[in-house]
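Open the model in your viewer and get ready to select residues by number. Keep in mind that this is a predicted model.

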Amino acid sequence: MSKLLVTGGNGLVGSSINSNYKVGREYNLINFEDTQKMFEKYKPTQVIHCAGKVGGLGGNINYKGEYFYDNIMINTNVIESARRNGVEKLVAFLSTCVFPDNIEYPLIESKIHLGEPHNSNYPYAYSKRMADIQIRAYREQYGLNYVSVIPTNIYGPNDNFSLTHGHVMPMLIHKLYQSQQNNTDFIVWGSGKPLREFIYSKDVAKLSEWAVNNYNELEPIIFSPSYEISMMDLVELLVKEFNFKGKVIFDKTKPDGQYRKPSDNSKLKSYLPNFKFTSIEDGIKETVTWFIENYENTRK
Ligand code: GFB
């Protein structure tokens, strides 16, 4: 009987994964003994490892030491403890920000280690690259069928709507909600020119459930709809969703971060040619509805 454990089980992706065994912050995965306790209690055969210290541009720029230390400890502990506790299959999460900054686009899986990541998030990026290295080493020495997946910018219900550390989608949704409530200007960071690819959290949940049972390659796999949108156009979609009539201001004193990170999803399509990604319009509608309905209790 397979038993699937989800780390980061209350988070953006973990909360959408179909499993009876989910852990949130009950265990401190930065601590190896505590990580062992989690595995000894649940004795899983499979793991989808979603836990990590994640955040948007602001968080990554201002807390580089923590983003490196927390993630390298969490990933190293979970992958090693899984091995020691006989876990047969583990899926770890990377992100398209781990790719090199100056490289020929589009991003494909084989380019992951071919250069320095963007300066805004290199500590997070390298800590995630090391999870790929640890998995490769464990496949070679122990013959373990552990794999990693590379989603683009994820958004959806149960995200962190923090006004300082948040990713662009949840942060703009929270700010727009406040501007609407308080009749204030809607402040957007940067020039609006950068491009991003967004994937809905429920699509990532479905794809990681597929990967735990069907993806067995050494090389990671990109989870992406391979559709880029500018921050300017994203703002237009959000303003339309809120029917916001107030002033929109682009604060150019705030960072733009990496200009773009366009990814190629041909490998995923070769496995799942008919996978239907949720459109950004539908994903935004569901996320905004969820945020307004859960405003008091949501992470922010
Ligand atoms: O999502 P985000 O914070 O992270 O920012 P990255 C995406 C883009 O949105 C940047 C612009 O170009 C920002 O300048 N932006 C506009 C805003 N207004 C806002 C705002 O109010 N808040 C935020 N946060 N952005 C992260 C990496 O990079 O991507 C992480 O740092 C991780 O490590 C994550 O990989 C997926 O896409 O720039």
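**Stop 1: two helices.** Select residues 168-182, helix 5, and residues 231-242, helix 7. These helices pack at an angle of about 45 degrees. Their axes are 11 Å apart. Angles from 35 to 65 degrees are neither roughly parallel nor roughly perpendicular, so helix 5 is oblique to helix 7. Their crossing is right-handed.

Now show the side chains. Which residues of helix 5 meet helix 7? On helix 5, pick V168, M169, L172, I173, L176, Y177 and Q180. On helix 7, pick M231, L234, V235, L238, V239 and F242. By class, this contact has 12 nonpolar residues, one polar and no charged ones.

**Stop 2: the sheet.** Switch to a cartoon view. Six strands form an open sheet, with parallel pairing. Trace the order 2-1-3-4-5-9. Select 21-23 for strand 2 and 221-223 for strand 9. Both stand at the edges with a single partner strand each, so one side of each has no neighbour in the sheet. On average, neighbouring strands are turned by 20 degrees against each other, direction ignored.

**Stop 3: one strand pair.** Select residues 145-151, strand 5. Strand 5 pairs with strand 9 in the parallel sense, over three bridges. Find I150: opposite stands I222 in strand 9.

**Stop 4: helices on the sheet.** Add residues 122-142, helix 4. Helix 4 lies across strand 4 (89-93) and strand 5, and runs at about 155 degrees to strand 5. Finish with residues 201-214, helix 6. Helix 6 packs on the sheet and touches strands including strand 1 (4-7) and strand 3 (46-49). Its direction makes about 145 degrees with that of strand 4.

Note on methods:
Residues are numbered from 1 along each chain as its sequence is written. This is a predicted model: local features need pLDDT of at least 70, side-chain atom pairs count only at pLDDT 80 or more; totals for chains, interfaces and linings use all residues. Side-chain values use heavy atoms; hydrogens and water are left out. Axes are lines fitted to C-alpha atoms, for helices over the stretch in contact, and angles run from 0 to 180 degrees between N-to-C directions. Helices (H or I, at least four residues) and strands (E, at least two) are DSSP runs, numbered from the N terminus. Angles under 35 degrees count as roughly parallel, over 145 as roughly antiparallel, 65 to 115 as roughly perpendicular and the rest as oblique. A crossing is left-handed if the near helix is turned anticlockwise from the far one by less than a right angle, and right-handed if clockwise. Contact means heavy atoms within 4.5 Å. Ala, Val, Leu, Ile, Met, Phe, Trp, Tyr, Cys and Pro count as nonpolar, Asp, Glu, Lys and Arg as charged, and the others, Gly among them, as polar. Two strands pair if DSSP finds at least two bridges between them.
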